[in-house]
Amino acid sequence: MQKIVFVCLGNICRSPLAEALFQNEIEKRGMTHLFELDSCGTNGLHNGERADARTRKNAIAHGIEVPSISRKITANDIQHFDLLLTMDDEVQSKVLNLCKTEEEKQKVVLFREFDPKSPGSEVPDPWYGGDEGFENVFQIVKENTEIWVNRLC
Ligand code: 4NP
């Protein structure tokens, strides 16, 4: 059982989508029993809220439901999860700051670390932009989800 948490800023756009797409990918491959998945955010501003309506609408257009409820990352998440996949540099440094040991820091990896198109780059925050930003994020997250599932399975 591999325990993975996806982390962004608000936990209403990027990381809930990554969690949903990863879940969908392992369901397709019959591998749900191999993973525990979750997502969270670093700022806690949207605690208890559903994912952003634009994120959900765009995902539904691709047949993907995004069911998660926003929550802020805790110190326990660092201990509990085997892999913490972060959506951008700011989130990466905030999560690293919560780590107490070098071993914990090794678990914190940029979600696009292995993206052949742009290794180690950020998943852009679609929050302030238009609809095309949400579709762009969907495509980036989908491609990188498949890369991660291929690596981990
Ligand atoms: P996310 O997008 O980090 O992908 O969930 C954001 C959503 C809300 C805010 C920032 C980023 N916000 O500051 O309210």
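Visitor: Leaving aside its neighbours within four places in sequence, which residues is T86 in contact with?
Guide: The model is a predicted one, and in it T86 is found in strand 3. Once the neighbours within four places in sequence are set aside, the residues in contact with T86 are V7, V91, Q92, V95, V108, V109, L110 and F111.

Visitor: Is T86 buried or exposed, and which side chain does the side chain of T86 make a polar contact with?
Guide: A residue counts as buried when its relative accessible area is under 20%, and T86, at 0%, is therefore buried. Its side chain nevertheless has a polar partner at 2.5 Å, namely the side chain of Q92.

Visitor: Which elements give two or more residues to the largest nonpolar core?
Guide: This core holds 27 residues, of which I4, F6, L17, F22, L85, F111 and V141 touch the most other members. Two or more residues come from each of the elements strand 1 (2-8), helix 1 (14-28), strand 2 (35-41), strand 3 (83-86) and helix 6 (131-152).

Visitor: What does F22 touch, not counting residues up to four places away in sequence, and how many residues make up the second, separate core?
Guide: With residues up to four places away in sequence not counted, F22 touches I4, F6, F35, L37, T145, W148, V149 and L152. Apart from the core to which F22 belongs, there is a second, separate one that includes V7, C40, V91 and V108, and its size is 11 residues.

Visitor: Is L21 buried or exposed, and what is L21 in contact with beyond its neighbours within four places in sequence?
Guide: L21 is found in helix 1, and because its relative accessibility is 5%, it counts as buried. Beyond the neighbours within four places in sequence, the contacts of L21 are I64, F138, V141, K142 and T145.

Visitor: Which residues surround the ligand, and how do the residues of its shell divide into nonpolar, polar and charged?
Guide: The ligand is surrounded by C8, L9, G10, N11, I12, C13, R14, N43, L45, H46, D125 and W127. By class, the residues of this shell divide into six nonpolar, four polar and two charged.

Visitor: How much of the accessible area that the ligand has on its own does the protein cover?
Guide: Oxygen atoms of the ligand have polar partners in the protein, including a backbone N or O atom of L9 at 2.9 Å and a polar backbone atom of C13, also at 2.9 Å. A side-chain N or O atom of H46 lies 2.7 Å from an oxygen atom of the ligand. On its own the ligand has 350 Å² of accessible area, and the share covered by the protein is 92%.

How values were computed
Residues are numbered from 1 along each chain as its sequence is written. This is a predicted model: local features need pLDDT of at least 70, side-chain atom pairs count only at pLDDT 80 or more; totals for chains, interfaces and linings use all residues. Side-chain values use heavy atoms; hydrogens and water are left out. A residue is near a molecule or strand if one of its heavy atoms lies within 4 Å of it. A polar contact is a pair of N or O atoms within 3.5 Å; within protein, one must be able to donate a hydrogen and the other to accept it, and residues adjacent in sequence count only if both atoms are side-chain atoms. Accessible areas come from the Shrake-Rupley method with a 1.4 Å probe; for residues, only the protein chains shown count as cover. Ala, Val, Leu, Ile, Met, Phe, Trp, Tyr, Cys and Pro count as nonpolar, Asp, Glu, Lys and Arg as charged, and the others, Gly among them, as polar. A nonpolar core is a set of buried Ala, Val, Leu, Ile, Met, Phe, Trp, Tyr and Cys residues joined through side-chain atoms within 4.5 Å. Buried means under 20% relative accessible area, exposed over 50%, partly exposed in between (1.4 Å probe, protein chains only). Helices (H or I, at least four residues) and strands (E, at least two) are DSSP runs, numbered from the N terminus. Contact means heavy atoms within 4.5 Å.
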